[in-house]
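User: Please take a close look at the ligand site in this model. I want the contacts, and then the pocket around them.

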Amino acid sequence: MTRVAFLGLGAIGAPMARHLAQPPYELAVWNRTAAKARTFAFAAGTGVRVAKSPADAARGAEFVLLCLPTSQDVDALLDGADGLLAGVARGTMVIDCTSGDPATSRRIAARLAAIGVDYIDAPVSGGTSGAEKGTLTVMCGGDASLFERATPVLRAFGEKIVLCGPTGSGDAVKAVNNALLAIHVWAAGEGLAALTKAGVSPAVALDVINSSSGMSRTTEKLIPERVLTRAFPRTFRLALLDKDVAIAAGVAREQKVPSPLLQLTSELFRVAHAMLGEEADHVEAIRAIEQWAGVEIK
Ligand code: NDP
């Protein structure tokens with residue numbers, strides 16, 4: 001049996017952790033809101049240990065996985081008597097599945113390396129349904145030997161597992177990927193608002209677009225299933241997409257790449273996040289466009 005700990009049982013963390021709640025893994029979980037960890041362990045029903053603190057979760061674990069909103073949240077979990085650093089032993093590997101920012105991940109990796117603990121950033125893509133099915137894409141940053149060691153664990157919930165480069169590279173790829181998602185959502189929202197006002201049914205417009213060159217996963221799946229139906233299910237918070245686009249815009253600035261579209265998209269999602277609040281889903285960014293345009297895409 002391999003002893004693993006999973007910290008952060010949120011919308012995507014919980015279904016990821018569920019795959020580790022069975023042999024050959026022996027799982028300990030910790031969540032800031034402890035009730036969620038107890039509910040998780042009860043539902044898993046296979047002797048999952050509910051840890052009292054990050055330190056308690058990490059004690060005796062060979063791998064510690066985290067899936068928190070931001071790298072800053074991970075960093076804040078390291079210190080103090082109950083912090084992760086108090087529980088991890090030399091030789092443990094921390095696998096950070098947070099969609100984080102490269103610079104903070106590199107700092108965390110350096111702090112852990114100083115006490116003989118390994119770290120890779122390993123953010124995921126594929127949504128909550130991909131997490132449930134165990135078909136996530138996992139993009140990693142770190143040494144090849146660490147990547148090899150982490151791969152069997154990542155296979156529990158990942159289908160495509162890729163080493164992108166040194167520490168922070170997984171975060172950078174994830175941020176750019178999500179910036180593309182944000183651009184697709186926003187551009188399709190503007191285009192469909194205009195077409196709806198011009199008297200074209202958005203369903204008809206999407207039928208054409210989805211067999212033409214403008215199609216994307218957003219026009220094929222997200223808008224038909226979530227916007228036209230007005231269902232707007234909450235699977236991935238707009239607040240988190242705002243954070244991701246801001247990271248991508250920051251990476252481009254750091255690399256001195258002229259990036260007006262990334263910077264503008266970051267600003268648009270910051271405004272939409274402020275308008276719609278912490279709990280809105282990412283596809284609800286289209287509600288901001290609808291409000292400005294005075295039309296509903298349905
Ligand atoms: P949620 O907001 O659903 O859950 C966040 C989790 O982190 C909860 O367990 C929450 O605990 C915990 N948490 C929040 N703040 C802190 C803190 N300061 N200290 C300790 N724990 C904290 O987020 P998701 O699960 O959706 O996302 C997690 C990560 O995965 C993010 O980086 C996100 O960008 C990424 N991601 C999400 C996807 C999705 O489809 N949802 C897809 C791909 C990546 P509590 O229960 O107490 O609130």
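Analyst: The ligand has 27 residues around it. Those that come nearest are Ala 11, Asn 31, Thr 33, Lys 36 and Thr 235. Keep in mind that this is a predicted model.

Start with the polar contacts. Arg 32 places a polar side-chain atom 3.0 Å from an oxygen atom of the ligand. Lys 243 also uses its side chain: a polar atom there lies 2.9 Å from a ligand oxygen. Thr 235 works through its backbone instead, with a polar atom 2.9 Å from a nitrogen atom of the ligand. As for burial, the ligand on its own has 900 Å² of accessible area, and the protein covers 88% of that.

Now the largest pocket. It holds about 1500 Å³ of space. Its lining counts 47 residues, and the closest to the pocket centre are Ala 11, Ile 12, Thr 235, Phe 236 and Leu 240. Ala 11 and Thr 235 are thus in this group, and they are also among the residues that come nearest to the ligand.

Several elements give two or more residues to the lining. The helices are H4 (71–76), H7 (127–133), H9 (169–197), H11 (217–227) and H12 (238–254). Strand S7 (124–125) belongs on that list as well. By class, the lining has 16 nonpolar, 19 polar and twelve charged residues.

Where does the largest pocket lie relative to the domains? It lies between domain 1 (2–165) and domain 2 (172–293), because both give residues to its lining.

Two backbone details complete the picture. The first concerns the loop between H11 and H12, where Arg 230 is found. Phi of Arg 230 is near 60 degrees, a positive value in a residue that is not glycine. Both helices that flank this loop give two or more residues to the pocket lining.

The second is a cis peptide bond, running from Pro 23 to Pro 24, with omega near 10 degrees. Pro 24 sits in the loop between helix H1 (13–18) and strand S2 (25–30).

Conventions. Residues are numbered from 1 along each chain as its sequence is written. This is a predicted model: local features need pLDDT of at least 70, side-chain atom pairs count only at pLDDT 80 or more; totals for chains, interfaces and linings use all residues. Side-chain values use heavy atoms; hydrogens and water are left out. On a 1 Å grid over the protein atoms alone, a cavity is a set of points where a 1.4 Å probe fits but cannot get out, and a pocket is an open set with protein on both sides within 12 Å along at least five of seven lines; lining residues have an atom within 4 Å of a point. Grid points are joined across faces, edges and corners, and a volume is the space filled by probe spheres set on the points. Helices (H or I, at least four residues) and strands (E, at least two) are DSSP runs, numbered from the N terminus. Ala, Val, Leu, Ile, Met, Phe, Trp, Tyr, Cys and Pro count as nonpolar, Asp, Glu, Lys and Arg as charged, and the others, Gly among them, as polar. Domain bounds come from an automatic or database domain assignment. A residue is near a molecule or strand if one of its heavy atoms lies within 4 Å of it. A polar contact is a pair of N or O atoms within 3.5 Å; within protein, one must be able to donate a hydrogen and the other to accept it, and residues adjacent in sequence count only if both atoms are side-chain atoms. Accessible areas come from the Shrake-Rupley method with a 1.4 Å probe; for residues, only the protein chains shown count as cover.
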